[in-house]
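Thanks, everyone; I would like to take a few minutes to walk through one model and some of its details. Please have the sequence and the structure open while I talk.

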Amino acid sequence: MPYLPLCVLIGVNAAFAVATSTDIAYLWFGKVPEGVSQTVYLHEGACSISWASGLASLLLVLLFRRNGVARESVFGRILGYLLVVQTTLLAVSVYMRLYYQIGDFGFTVRRIQAAEAILLGVAGLVVLVLYMATNGTFWKHDRICLGTMLLMLIAFFSYSPARLAGNLNLIYVNSHPHWNFALNDFKIGRFDENENLSFAEYAYNKAVADGRVL
């Protein structure tokens, strides 16, 4: 196996190992070191992790194509699968960040979209593993996975994130009394009153009851 692709896989795995171990220590077990805001750590970083995971997946697609150099050695294949495992762990970290955000502040359009993106990403990882395990072509072997992703996309577009966010907030708001929905949230696009009139009415009545609307 050429040294350059091998060094790339080693370097990317090492970088991911730092991020993965940090998240497991700080996020999964809640052991944020002194001087670091746990709220900031929990609620930020998801975007950069998502981009890193996507780029790692593209790297694996390139190195594990039919004549890809990563297929030429056992060590290269091990490094490839190790990167898939670390990408999966980082996806779990993104999910946990999203879970904590929703637990603290409720559902929004962006958070629903992020959750849907995570589900698609998981399906994509399954396709990636099958791609790596076969001969570098997945059209023949992975039609079920791709069909599943297509059905997921159809479902997402059939039930809009704005409508889903409003309905979920109505379902869980009684068990999360600390959620505070402002009417301004509708103006800046966190919610869409046209997609969910029931939730818009709830937010308005709550604002009136709290004296935030005269």
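Threonine 87 lies in helix α4, and, since what we are looking at is a predicted model, everything I say about this residue is computed from predicted coordinates. With a relative accessible area of 4%, threonine 87 is buried, because anything under 20% is counted that way. If we set aside the neighbours within four places in sequence, threonine 87 is in contact with Phe16, Ser53, Ala56, Ser57 and Leu125.

Let me stay on that helix and move along to isoleucine 102, which also lies in α4, the helix that covers residues 74-105. Is isoleucine 102 buried or exposed? Its relative accessibility is 14%, so isoleucine 102 counts as buried. Not counting residues up to four places away in sequence, isoleucine 102 touches Phe107, Arg111 and Trp179. For a sense of distance, its C-alpha atom is separated by 9.7 Å from that of asparagine 169, although the two residues are 67 residues apart along the chain.

That brings me to the second largest pocket, whose volume is about 210 Å³. Isoleucine 102 is one of the residues that line this pocket, and the lining also includes Phe107, Tyr172, His176 and Trp179. Which helix supplies the largest share of that lining? The answer is α4, with five residues, while α4 and α5, the latter running over 109-133, each supply at least two. Sorted by class, the lining of the second largest pocket holds ten nonpolar residues and two polar ones, with no charged residues.

Technical notes. Residues numbered from 1 in each chain as written. Predicted model: local features only at pLDDT ≥ 70, side-chain atom pairs only at ≥ 80, totals over all residues. Heavy atoms only, no water. Helix = DSSP H or I, 4+ residues; strand = E, 2+ residues; numbered from the N terminus. Buried < 20%, exposed > 50% of the residue type's maximum accessible area, 1.4 Å probe, protein only. Contact = heavy atoms within 4.5 Å. 1 Å grid on protein atoms, 1.4 Å probe; cavity = no way out; pocket = protein on both sides within 12 Å on 5 of 7 lines; lining within 4 Å. Points joined across faces, edges and corners; volume = space filled by probe spheres on them. Nonpolar A, V, L, I, M, F, W, Y, C, P; charged D, E, K, R; others polar.
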